[in-house]
Amino acid sequence: MKVEIWSDIACPWCYIGKRRFERALAAFPHRGDVEVTWRSYQLDPTLPDHHDGSELDYLVDRKGMSREQVRGMFDEVTAIAAEEGLRYDFGSVVVANSFAGHELLHLAKTHGVGDRVKEALLSAHFEHGEDIGDRDVLVRIGVEAGLDAEEIARDLQTHTWRDAVVADITAANSLGIRGVPFFVLDDTYGISGAQSTELFTQALEQAWREAHPLQMVQPLTGGTPGGSDVACGPDGCAV
């Protein structure tokens, strides 16, 4: 079964949604047959590589909310993240364009470490106050995941994965995705937002049943005495 997840590195609900989905997947009996692919999305592609000002300042300007409202939002999201074992620190978040981080993620996917790099990028941004637009930070994250430093630096410099990032964003637009995280299961079921673990569990089970319908086995001629309809039900047992 295929699961594609569109998300942005600079999205607090994407990290929370990742944790909730992971919990559902860990308990899913067929988890070994589920292929998870991270897709790129940018909430604000207009950001420069480095933005002057705090996350608080940025959201006040972008959303037109008061500073008190934004602080309240930070407190609420921080508390929800803590329930998932995440330690958000909005006071240290560095506002930066996430495009280069998405390029690194595509490189990581070709080496089979996409999930590891996605986790590291989200943690660096929301928990450790690191600049996800800084090439040195991205190289270090990639190396820690097992990638080659020279390959990372070269691909970021030449924008080897630019078209792949743009293709993901274009695909999101064609699907009508206007917010992240967004989960697509087997090109059939869509889940918008950081939903509960229970909903992810339900979606995984439903998608699996649809892709693997139960096949009834018919008895052979001259099989077990009693016929094919000998069974017990709510009204008793057939004799």
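Two strands are counted as paired if DSSP finds at least two bridges between them; strands (E, at least two residues) and helices (H or I, at least four) are DSSP runs numbered from the N terminus. The model is predicted: local features need pLDDT of at least 70, side-chain atom pairs count only at pLDDT 80 or more, and totals for chains, interfaces and linings use all residues. Residues are numbered from 1 along each chain as its sequence is written, and side-chain values use heavy atoms, with hydrogens and water left out.

**Exercise 1.** Determine how strand β1 is joined to β2, and place both in the sheet.

*Solution.*
1. Strand β1 (residues 2-7) runs parallel to β2, and six bridges join them.
2. Within this pair, I5 has W38 of β2 as its bridge partner.
3. The open sheet has four strands in the order β2-β1-β3-β4, with mixed pairing.
4. Its edge strands, β2 (35-40) and β4 (189-192), each pair on one side only.

**Exercise 2.** Identify the strands that helix α9 lies across, and its angle to β4.

*Solution.*
1. Axes are lines fitted to C-alpha atoms, for helices over the stretch in contact (heavy atoms within 4.5 Å); angles run from 0 to 180 degrees between N-to-C directions.
2. Helix α9 (residues 197-211) lies across β1, β3 (182-185) and β4.
3. The angle between α9 and β4 is about 170 degrees.

**Exercise 3.** List the residues that L104 touches, not counting residues up to four places away in sequence.

*Solution.*
1. The contacts of L104 include V117, L121, L138 and I141.
2. L104 also touches G142, L147, I152 and L156.
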